[in-house]
Amino acid sequence: MFHLQKKIIVVTGACGLLGKTFVQAILKQQATVIAADINASLLQALKKEIPSAHLEILELDITSKTSIQTAIEILHEKYGKIDALVNNAYPRNKNYGALLEEVSYSDFCENTNLHLGGYFLCMQQFALYFKKQGYGNVISMSSVYGVIPPRFEVYENAHFTMPVEYAAIKSAVVHLSKYFATYYKQKNIRFNCISPGGIFNNQDKDFVKKYNQLSLNKGMLDKEDIEGALLFLLSDASAYINGQNIVVDDGFSL
Ligand SMILES: NC(=O)c1ccc[n+]([C@@H]2O[C@H](COP(=O)([O-])OP(=O)(O)OC[C@H]3O[C@@H](n4cnc5c(N)ncnc54)[C@H](O)[C@@H]3O)[C@@H](O)[C@H]2O)c1
């Protein structure tokens, strides 16, 4: 039930922090991974770093309908099927990350369009393919901040904040998945989310200390800590889990 052998799985944003971890975790389960990313040179580097016959790299822009449709056509031609999409890319513009008061209307809209719009477009286009195929599985990355409002005290004195666009996007991704799940009733397509807490990525000590105090056991998680939820949702062991959101945050959201 838990195995992924012979599955064809597309991971967007495959060259990023979580994407690369997901690619490696899925490969260990002997599935074929299509590492899809907008960054061609990072894709080449990924291919060199992970020399597996089951890894395919594919340039893909989640904000372009043509790019997504071309990817689906290429994969269908080569494999005759696609089992799952992991909606994991993280597009943002150069002004992303500003404090609430400094976020312009156009930046708010652009970042929401890129990220939420891109996730929507991938879900819409893959769902059309999955409907024809007779089954499918979409896992979209939300965040603990799609579930609870930011704990702003953690960001005091940090050189970054939790962007307001992120809260809007990530909460919407959870609801969008429920919308798609119910819209495709009787079509055998699943739409679930994973909401990780903060992943340790060399953030400064003070931030990590404050963050960890609000968690239950470990605090900030390692990227590998998210793999289990992903592999479970990709497998047939979760066959009747649909429209749900698995929060992996060491209790930060409690
Ligand atoms: N890192 C965390 O702490 C954390 C926590 C919770 C949720 N998440 C979510 O997990 C997902 C991955 O996050 P990450 O930290 O690994 O991101 P990241 O920034 O490390 O990587 C993002 C990847 O997406 C690619 N990308 C950007 N725009 C794209 C586009 N238009 N089309 C295709 N690919 C594109 C980039 O080239 C990059 O390889 C995101 O949805 C993020 O919100 C991350």
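This report walks through a strand, a helix and a pair of helices in a predicted model.

## Strand β1 and its neighbours

Let's start with β1, which covers residues 8-12. Five of its five residues are buried, so this strand counts as mostly covered. Its side chains split two ways: I8, V10 and T12 point to one side, while I9 and V11 point to the other.

β1 has partners, too. With β2 (residues 32-37) it pairs in the parallel sense, over five bridges. One of the matches to look for is I8, whose bridge partner in β2 is T32. To get from β1 to β2, the chain passes through α1, and this β-α-β crossover is right-handed. β1 also runs parallel to β4, joined to that strand by three bridges. Here, I9 sits opposite A84.

## Helix α7, mostly under cover

Now find α7, at residues 227-234. Six of its eight residues are buried: E227, A229, L230, L231, L233 and L234.

What does the covering? The list includes the strands β1, β4 (84-87), β5 (136-141), β6 (189-196) and β7 (245-248), plus helix α1 (17-28).

## Where α3 meets α4

Two packed helices are described by the angle and the distance between their axes. For α3 (residues 65-79) and α4 (residues 105-133), the axes come within 10 Å and cross at roughly 35 degrees. The crossing is right-handed.

Which residues make the contact? From α3 they are K65, I68, Q69, I72 and H76, and from α4 they are L121, C122, Q125, F126 and Y129. Sorted by class, that gives six nonpolar, three polar and one charged.

Methods: Residues numbered from 1 in each chain as written. Predicted model: local features only at pLDDT ≥ 70, side-chain atom pairs only at ≥ 80, totals over all residues. Heavy atoms only, no water. Buried < 20%, exposed > 50% of the residue type's maximum accessible area, 1.4 Å probe, protein only. Helix = DSSP H or I, 4+ residues; strand = E, 2+ residues; numbered from the N terminus. Contact = heavy atoms within 4.5 Å. Axes fitted to C-alpha atoms, helices over the stretch in contact; angles between N-to-C directions. Left-handed = near helix turned anticlockwise from the far one by under 90°. Nonpolar A, V, L, I, M, F, W, Y, C, P; charged D, E, K, R; others polar. Pairing = 2+ DSSP bridges. Right-handed = clockwise from strand over helix to strand, strands pointing away.
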